[in-house]
Each structure stands twice: as structure tokens, then as C-alpha cells.
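Biologist: Can you walk me through how the labels on this protein get decided? I'd like to see the reasoning, step by step.

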Amino acid sequence: MTNPLLLLERLDKHYLGSGTGIIFAPRFPRWLERPGFWDEADVYHYQLAPVFTVTFLSGDAGSSADPLAMRQVSRRWSPAELVAHWELENGLEGWEHRSVLPGGYLMSEWKLRNVGKVPRKLLAVTWTAQATDDLDLSAVQVAAGSARFRRMLQDRHDQRLAVEVILQASEEGVGGSAYLSQGSLFDPRWELTPFAEKWRDGVATTVQVDGISPSGTLYLAAVSQVVVPARGETIVGLRAQIRPEDLGDMKATGRYTGYMQEHVPLPEPVRAVEPAASSDPGSASRSRWHSFFEEAPGLSCSDPFIDRYWYYRWYGLELCSHEGRIGNHIYPGCCEGTGYFHVPIAYSAQCHARELRWLPDPARARGVILNFLAHQKESGQLHGRIYVNHLERTDFYFADWGAAALAVDAVHPDLGFLRAVYRPLALYAEWLERERDADETGLCDVIDHYETGQEYMS
């Protein structure tokens with residue numbers, strides 16, 4: 001049996017996801033050689049940066065502690081995880097498993113090894129730096145082993161999404177701090193943070209966000225105590241959770257939405273499940289991806305490059321998938337790509353429906369189509385994009401919706417699905433005839449090159 005995770009393993013990739021709208025996929029990363037996730041995460045089509053990094057300090061919470069020098073020796077990627085091998089000073093080495101789990105969890109799980117003859121007592125610090133623009137300082141909270149903040153993200157159309165971010169240390173949490181500083185470079189270097197000065201006599205659990213101009217940088221940290229036994233190993237679980245706010249069940253706007261839901265019921269809401277502590281770093285993500293590939297159809301042929309590409313394509317579909325019952329994403333479906341393209345787009349949706357129909361559960365293939373029909377304009381026209389929390393400047397793309405619906409039904413026959421799509425697709429056909437074929441030639445008029453998805457093509 002082919003193991004797709006091993007088949008696709010590489011040294012030069014880094015995208016991580018779990019079939020939801022929150023992924024780690026920076027297109028031009030700068031900080032992969034630093035622990036954690038200092039480059040941006042995609043929160044649907046919004047971006048949050050930085051998320052967090054990790055620093056290990058020698059000593060314990062009640063005394064002065066110095067940061068351990070760290071050097072990344074190697075890095076390897078699979079769809080499930082990014083594994084980095086680190087050399088730390090004083091006889092320590094570590095393996096960091098970065099992954100993304102459902103519920104908006106960005107995981108940095110470590111196996112630390114001590115080759116020395118005496119136990120090593122460390123502090124594991126999960127920390128971030130956030131510009132105070134669009135940051136709610138009154139919502140900052142810290143506790144032993146956690147720190148949280150709330151900020152507004154903004155997209156290219158000046159629309160906004162509020163998110164809460166929770167930094168969490170391992171179970172042995174001993175501190176958490178938040179300090180407001182003057183504006184500074186967003187560089188994940190410990191010596192540039194207020195913690196290096198404020199913790200000279202031990203870790204504090206405190207929030208200091210006044211006494212300085214509110215226009216600056218907020219530093220937050222969550223701290224846990226770690227003991228690495230002599231000639232032994234220990235596991236440390238560090239993470240951040242990104243929680244979009246105000247994205248409950250939003251009403252769909254299409255004329256036939258109620259009629260559609262009579263024939264294709266809404267899915268159950270996805271409940272975030274807090275990751276359990278594990279003695280095997282990265283195992284939760286590996287298990288989840290193995291389960292997905294087991295459901296995907298297999299392919300074998302005489303060309304090993306096509307064999308490998310087959311699984312890489314399924315990885316891409318899962319990476320870009322999104323859950324249902326989240327804002328305007330009524331049904332589970334698929335986004336077009338990363339960054340600004342991490343949103344359902346009509347130009348690619350017709351293709352996604354044809355591909356996802358080969359999964360044993362047709363919900364995602366159907367949902368790709370139903371999400372656009374659920375927000376159909378009163379005129380019958382369909383949006384080109386379905387943003388998670390607004391429908392501003394969504395453009396328009398021509399798409400072969402009818403054939404895509406029939407292709408899904410050919411693999412998963414269901415009269416209810418055909419009934420659900422028939423009326424809105426008929427309304428769309430009427431719009432095409434009325435607005436784009438006034439001279440009744442049977443050919444649709446393209447009035448903007450963007451509508452074809454083939455921009456700037458003659």
C-alpha cells in the first residue's frame with residue numbers, strides 16, 4: 001500500500017492545514033528557520049501575522065533565566081507536518097513537529113533529548129508580538145500557561161474580521177505576561193522583547209498595557225516548566241488557537257435558499273475539539289491525514305510522476321477545503337488557493353465539484369455548488385467569490401454549473417440534490433439569456449476579461 005505522506009515528503013515545502021478555513025501557507029515565508037509560526041496564517045481569506053514563536057530558557061520560573069541558543073539542523077515536510085531538527089546548547093537537541101489541527105490550532109510539539117549526565121530544568125515560552133493597530137487592549141488576558149488577545153483583521157476590500165488568539169503552553173503552565181512596548185521591528189528575537197528585562201528575577205504573571213503610548217507593540221507570552229531527564233527525553237506541547245468571532249450561522253441571501261435546504265439539509269456545525277496531550281508529537285495530524293488519504297480513491301499507472309501527482313492533488317484539495325456552517329460558507333466546500341485566494345471562487349468551483357465527487361461522502365462536492373446558489377443575487381446572477389463574512393466586490397466568473405452538478409449526481413445519485421439546484425440554476429440561465437445574450441445568438445457576451453478567469457488574454 002502506498003503511504004502518501006512518505007511519497008510526498010520533501011525538504012522545500014511548508015504549507016499545513018486540516019481541511020478547515022484556517023491554514024499555515026505563507027507564500028513568501030521569512031521565518032521557517034525559527035521555531036513556531038512567525039509567518040502569516042490564513043484565516044479564510046484574511047491574514048494574521050505573526051502567530052507565535054518558541055524560546056527555551058534555562059532555569060525555573062522563580063529565578064533569572066537565559067535563552068538557549070538554537071540552530072536548525074534540518075527540516076522536512078509532509079502534508080501532515082513540518083518537522084525541524086534543532087541543536088540546543090548544553091547537550092540538548094530537539095525535534096519540533098509543526099502542524100495545523102481543526103479548531104484553528106497551530107501546534108508546535110517538541111521532543112527534547114538530553115545527552116548530559118544531569119537533568120535539565122527549562123522554561124518553554126510561547127510568545128508573540130502584535131501591532132496595537134486594530135488590537136483591543138482591554139481584552140488582553142494572561143494566566144499561568146496562557147495568554148490571549150483580540151484583534152481585527154482586514155482584507156483588500158477594507159472588510160474586517162475579529163479573531164481571538166490564545167497562546168497555550170504545556171500542562172505545566174507557570175506564567176503568562178503581556179507588556180505594551182514602543183513600536184519595534186517584528187523580529188522573533190528574544191533579546192528584543194520586554195521579557196528579557198522584566199523577567200530578570202523570575203517569570204511574572206501580569207498585564208501591563210498602560211503608562212506608554214497605546215500606539216506600539218504588544219508582547220504576550222505563555223510559559224511552562226520543563227524537565228529533561230539525564231540521558232533521557234521529554235515531550236512539550238505548545239500551541240496557539242485562532243478563533244474567528246461573529247461567524248455563527250449567517251443567513252444565506254439567495255431566493256431559493258429555503259427551498260434548497262428542504263432537499264439538502266444543512267450539515268451539523270463543526271465543534272472544535274481541544275487537542276489531547278500526546279507522547280508522539282505530530283501523531284494527531286498524521287492520523288487525520290492518513291484517514292483522509294484512505295478515503296480518497298487510489299491510482300496506479302506506469303508513470304511514477306503521475307502516481308505522485310495524484311496524491312499531491314488530493315493533498316491540495318484537502319488543504320484548501322473549508323467546513324460548513326461558518327459564516328457565509330453554509331455547506332462544506334473548497335477554496336481556490338492560499339492567501340487572497342483562500343475563498344470559494346466560481347472559476348475553480350466547477351472543477352472542485354468534479355474532483356471531490358470521488359470521495360465516499362458527497363457533502364463537500366455538493367457543497368461547492370450549493371454555497372454559490374445559497375447566495376444567488378435577486379437578478380439570478382451568481383457571485384464570483386463567497387467571502388466568509390461579506391459579499392462585497394465579489395466579481396463574476398462564467399462557470400459550467402449544470403454539467404458539474406450532473407457530474408456529482410452521476411457518482412452519488414440523489415433526486416433531492418437535483419431538485420435543490422434546479423430552480424436556482426434555471427434562474428441563472430434566465431439571467432444569462434436576458435443580460436448576456438440580448439441578440440439571441442446562443443453565445444454569452446463577455447464584457448470584462450476577468451469574467452473568464454483568463455485575465456489579459458486576447
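Modeller: Sure, and keep in mind that this is a predicted model. Let's start with a cut-off: a residue is buried if its relative accessible area is under 20%, exposed if over 50%, and partly exposed in between.

Biologist: So what makes Cys334 count as buried or exposed?

Modeller: Cys334 has 3% relative accessibility. The limit for buried is under 20%, so Cys334 is buried.

Biologist: And why is Cys301 called partly exposed?

Modeller: Its value is 36%, and partly exposed sits between the 20% and 50% limits, so Cys301 gets that label.

Biologist: How do you know that Cys334 is in no disulfide?

Modeller: A disulfide needs two cysteine sulfur atoms within 2.5 Å. For Cys334, the nearest cysteine sulfur belongs to Cys320 and is 5.6 Å away, so Cys334 is in no disulfide. The whole structure holds zero disulfides.

Biologist: What makes Arg255 and Glu378 a salt bridge?

Modeller: Their closest N and O atoms are 3.2 Å apart. The rule asks for a Lys or Arg side-chain nitrogen within 4 Å of an Asp or Glu carboxyl oxygen, so the pair qualifies. Arg255 lies in the loop between β16 and α3, and Glu378 in the loop between α7 and α8, so the pair ties together parts 123 residues apart in sequence.

Biologist: Why is Glu378 called exposed, but Arg255 partly exposed?

Modeller: Glu378 is at 58%, and exposed means over 50%, so Glu378 is exposed. Arg255 has 43%, so Arg255 is partly exposed.

Terms used. Residues are numbered from 1 along each chain as its sequence is written. This is a predicted model: local features need pLDDT of at least 70, side-chain atom pairs count only at pLDDT 80 or more; totals for chains, interfaces and linings use all residues. Side-chain values use heavy atoms; hydrogens and water are left out. Buried means under 20% relative accessible area, exposed over 50%, partly exposed in between (1.4 Å probe, protein chains only). Helices (H or I, at least four residues) and strands (E, at least two) are DSSP runs, numbered from the N terminus.
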